[in-house]
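Colleague: Could you take a close look with me at one part of this protein, the empty space inside it and what surrounds that space? I'd love a connected walk-through.

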Amino acid sequence: MKTTTFTSKHALTPLLSGALLIACFLGAAAQDARFFRITGPVPTRITGITADGTVTWTNVATNATFTVQTATTLRGPANWVDYVQVPASNAATAFRLFSTNAPFGMALIPAGSFTMGNCMDPAEGFTDELPLHTVYVSAFYMDRYDVTKALWDAVKTWSVTKGYYYSHAGSGKASTHPVQTINWFDAVRWCNARSQKEGLTPCYYADPGFTNVYGSGVALPYVKWDAKGYRLPTGAEWEKAARGGTSGRRFPWSNVDTITHSQANYYSYSSYAYDISPTRNYHPTFATGGQPYTSPVGYFAANGYGLYDMAGNVLQWCWDWFSDTYYSSSPGSDPHGPASGSYRTLRGGTWQNAAAIARCSVCGDGNPVYADNRAGFRCVRGF
């Protein structure tokens, strides 16, 4: 395996195979430091790194897949995690790997294919998690954090003066905790309001001609997929993002397939062999002051894409209708879920549910008009 290492800051001199380039890219905070390296079956030579994050490399012509790995520190080899798989069918490859101007509070999820579904023991999951299938997902941005109560309130307060209606006011344990007790329709309307507040084209409309922005009612919205405003992630987008560039893993982290209270806010008990938390039941740090026992966003470590709370804390509403047979007929590129259904998809686990629900492949189902103190959301934007 041949490796070339670089960072997300400068297009410096081209690298020969095996050479090392180290410079730290810092965004708004030190946590944005990011290093990359390319591993593949043949030597690579980086020939360009542009300001928009496109990396170009050359290699011996081959039909092969190169793995780009990332790390936030160079302290040891164990810190490197898979970031994206890039197929190469000729001697030159150009790939948009990172973004130096991602929207505030969002992370780039690079384009690429991943294996969707329960990649562990089929007996530990549900029928809707199978069969395993390869899905290509176009690049998009995702909120690093669940929408907080503070952000929810700011957008909601602005939007109600513009004609937006919400079925539920939204609750939160504190301003830095995720908003919850909002239904799917509330989340959709709020996405549109956030878009309009920031001067972006909304994604949801009340008519198929995309002329009336969706802001009230419980009629099903139409989606303008190429709009650059905020929207709910599809199930495929959510799972690709949750995996953080890794494959064959149970949870959003890449080093182990077990879970403890040091990694996520969930309800721990010994029924699952992969739940090895030394503390049991509700998370002891957050089981205070009455339910819900949510935690502040960003309390636990991020995954390989820089996303927080992709396991536990609150479930996250997704766009897709729920179906336990959809994976058998899902399109291989940018699937949007079943055409119809009765329930919408929820992903990610909760402060009240067991470790089994926090697995990356789990698809929960929820009545879109029902609000629960275990359910919140985060937004995505087109790339």
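Which helix and strands each supply at least two residues of the lining of the largest cavity?

Modeller: Happy to, with the reminder that this is a predicted model. The elements you are after are α3, β15 (315-321) and β16 (344-347), each of which supplies at least two residues of that lining. The cavity itself has a volume of about 150 Å³, and 17 residues line it. Lying nearest its centre are D320, Y326, Y327, T345 and C363. If you sort the lining by class, you find nine nonpolar, five polar and three charged residues.

Let's follow α3 outwards from there. This helix covers residues 235-243 and lies across β8, β11, β14 and β19, with a direction at about 70° to β11. Those four strands form an open sheet, and going across it you meet them in the order β8-β11-β19-β14, with antiparallel pairing. At the edges sit β8 (106-109) and β14 (230-231), each of which pairs on one side only. Within the sheet, β11 (residues 140-143) and β19 (residues 380-382) run antiparallel and are joined by three bridges. A handy place to set your view is M142, which stands opposite V380 in β19. So α3 ties this picture together: the helix lies across the sheet strands, and it also supplies at least two residues to the lining of the largest cavity.

Now back to the empty space. With a threshold of 30 Å³ or more, the count is two cavities. The second largest has a volume of about 30 Å³. Around it you will find G117, N118, C119, M120, E124, R243, R249, R250, R359 and S361. R243 in that lining belongs to the 235-243 stretch of α3, which gives you another link to the helix. By class, this second lining divides into two nonpolar, three polar and five charged residues.

Finally, there is open space to consider too. The largest pocket has a volume of about 730 Å³ and is lined by 30 residues. Nearest its centre lie V81, A301, A302, N303 and G304. Its lining divides into 13 nonpolar, 14 polar and three charged residues. For your tour, I'd begin at D320 and T345, two of the residues nearest the centre of the largest cavity, then turn to α3 and the strands it lies across.

Conventions
Residues numbered from 1 in each chain as written. Predicted model: local features only at pLDDT ≥ 70, side-chain atom pairs only at ≥ 80, totals over all residues. Heavy atoms only, no water. Pairing = 2+ DSSP bridges. Contact = heavy atoms within 4.5 Å. Axes fitted to C-alpha atoms, helices over the stretch in contact; angles between N-to-C directions. 1 Å grid on protein atoms, 1.4 Å probe; cavity = no way out; pocket = protein on both sides within 12 Å on 5 of 7 lines; lining within 4 Å. Points joined across faces, edges and corners; volume = space filled by probe spheres on them. Nonpolar A, V, L, I, M, F, W, Y, C, P; charged D, E, K, R; others polar.
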